[in-house]
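Welcome, and please take a moment to turn the model around before reading on. We will go through it step by step, from a hidden space to a few single residues.

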Amino acid sequence: MHDVKIIDTMVVPPMGIASLAAYVRDMVDVALLDCVAEGYRQKVSVARHIARVGLSDDEILARVRAYRPDMVGLSCIFSNQFACVKDLSRKIREKVDPDMVIVTGGTHPSFLPEQTLSEADVDYVVLGEGELGLKQIIETHNSGGRIEDIDGVAFRTENGVQVTPRTTWIEDLDTLPFPARDLLPMETYFEAKVPMALHWRKVRNTPIVSSRGCPFKCPFCSSWRHWGQRFRKRSAENVLAEITHLKSRYNIQELKWQDDNLTADRNRAKAIFQGMIDRGLVMPWNTPNGIALWTLDGEMLDLMKKSGCFEITLAVESGDPETFRRFVKKPFTLDQAAKVARMARERRITTVAYFILGFPGETVRQVKSSIRFGLRMGVDYLVPFIFNPLPGSELWQECMQKGFLSDSLQYERSNNYMDPGALVSAGPDGKVSGGGDEVSYVQGMAYLQNLAKLPFRNPREFMANYSRKLLTAPWFLVDFLKVLWNTRSIIVSGIRQSSLFVKRNR
């Protein structure tokens, strides 16, 4: 495969650690260090398709020494961050304080606590929702209590790793304080101009989270398990209070909803959007993490538009009927997805569609069928990802059982939705074979085809998006053009024989 450099650096306020800090700041002094934001101009190539972005290890260690904490927490939301957790935990022990209490949490360590504790020099893994576990660890250390009594943590013992599954959750999210954005370099995010999903209308934008979890159980997703296999939401009044706070404190002019299902509760969603209109809080907003597509109709879209919605992301996942039935456990049909995309276009709401290519056992015919549907939808941005098994998901467990994943898999190198090279694939005879160029070919062609039509399908969006990037972040366009050129190289080079989790038709 040709070397395609993936430019996907986003400089976004980390709502996870900001929420944790807000929850424990009344009992301890706490500081936050967003290493990406404070060093976003620093990029060092690590390996093929992988670059390290942000402060160097020496700069991070210097900040830890200066603050002199009793405990350090290392966030590890995605698997490709695990290498940093391993390096930093070891260096903190060696160069700062051998007795430092080190905690990690996030999706990756929550589902792989044994591996995390065996490979990283951390004392505790907080499983799932982090506020309660972190608070209990602090209280236990301060009081000399028993770590074994803490709910939802993993730690080492003389007999190995002990994992205590989480059984308690924060049922009333309104009781949580607003995330501690005051401990983050907010002006740096506005300066960087690369928010989540890279689309924006106003420089002063920030993510906001109004719910946790998902009521559905898609086999490729681990989020619903991470949040306790339940859907919890803040009240409309509480959400509107945070928007008011963001506008008055930080002059926020655009919102990025990070919910998995912002509109899952239709009445609550309508109350939020109508409240924004009634209280003078109308501002541009989008849903870069997706939206509950099945809840959208003309009435909802009209209200969303009036409250400031400029873009929605439709997580369709697959346009092939057979693949859709097997892997997408969401209550909508492909016809409904196409209808929602059309209704959004009629209201001048920009549309993004996420697709996943190369599900386990999916054939080349099905992959191409899926992409043909995506192109027919006529969305402004078609984003086809290559399937990567997420630790904790049902398909990850299936891939492990069937030998699709190597025992020596380095998860930090595999969590890349543009590159299947770090994974093992299964051929039609069930034997392990390598490769992934055919999936990459289909992915690259679909992306380029849809992008080539954007200036004609939606010239207003094309001019607004790329002129904005050219004026505010010309380096992004340079890197983007390099990606397009290298993607072209894949396409003109032809297709190799094997492909990721894809069986050739006989």
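How do the residues of the lining of the largest cavity divide into nonpolar, polar and charged? The lining has 9 nonpolar, 1 polar and 2 charged residues. Please keep in mind that this is a predicted model. To find the place yourself, look for Val 11, Val 12 and Pro 13, then for Tyr 189, and then for Lys 193, Val 194, Pro 195 and Met 196. Val 203, Asn 205, Pro 207 and Lys 256 complete the lining. The space inside this largest cavity comes to about 70 Å³, and the structure has 4 cavities of 30 Å³ or more.

Now step back to the whole chain. The protein chain holds 20 helices and 19 strands. Of its 506 residues, 55% count as buried. Among the contacts with a separation of 6 or more, 74% are between residues 24 or more positions apart. On the outside, the chain exposes about 22,200 Å², and carbon and sulfur atoms supply 52% of that area.

Let us begin the closer tour with helix α1, which covers residues 15-24. Its buried residues are Met 15, Ala 18, Ser 19, Ala 21, Ala 22 and Val 24. An α-helix has 3.6 residues a turn, so residues three or four places apart point the same way. Which elements do the buried residues of α1 pack against? They pack against helix α7 (130-143) and against the strands β8 (205-208) and β9 (211-213).

Just before α7 there is a loop that starts from β5 (124-126), and Gly 128 is found in this loop. Gly 128 counts as buried because its relative accessibility is 13%, under the 20% cut-off. Leaving aside neighbours within four places in sequence, Gly 128 is in contact with Ser 110 and His 226. The C-alpha atoms of Gly 128 and His 226 are separated by 4.9 Å, although the two residues are 98 apart along the chain.

Strand β14, residues 350-357, is the next stop, and Thr 351 has its place there. Is Thr 351 buried or exposed? Thr 351 is buried, at 0% relative accessibility. Beyond its neighbours within four places in sequence, Thr 351 is in contact with Ile 312, Ala 341 and Ala 344, and also with Val 379, Asp 380 and Tyr 381.

The loop between α14 (334-346) and β14 holds Arg 348. Arg 348 is exposed, with a relative accessible area of 60%. Arg 348 has a positive phi of about 55° although it is not a glycine. Most residues other than glycine have a negative phi. Ala 197 also has a positive phi, of about 70°, and is not a glycine either. You will find Ala 197 in the loop between α8 (186-192) and β8, where it is partly exposed at 27% relative accessibility.

Finally, let us turn to the cysteines. How many disulfides does a search of the whole structure find? The search finds 0 disulfides. Take Cys 35: the closest cysteine sulfur is in Cys 84, and the distance of 8.4 Å is too far for a bond, because a disulfide needs the two sulfur atoms within 2.5 Å. Cys 35 is partly exposed, at 21% relative accessibility, whereas Cys 309 is buried, at 2%.

Technical notes: Residues numbered from 1 in each chain as written. Predicted model: local features only at pLDDT ≥ 70, side-chain atom pairs only at ≥ 80, totals over all residues. Heavy atoms only, no water. Buried < 20%, exposed > 50% of the residue type's maximum accessible area, 1.4 Å probe, protein only. 1 Å grid on protein atoms, 1.4 Å probe; cavity = no way out; pocket = protein on both sides within 12 Å on 5 of 7 lines; lining within 4 Å. Points joined across faces, edges and corners; volume = space filled by probe spheres on them. Nonpolar A, V, L, I, M, F, W, Y, C, P; charged D, E, K, R; others polar. Helix = DSSP H or I, 4+ residues; strand = E, 2+ residues; numbered from the N terminus. Contact = heavy atoms within 4.5 Å. Areas by Shrake-Rupley, 256 points an atom, 1.4 Å probe, with all protein chains shown as cover.
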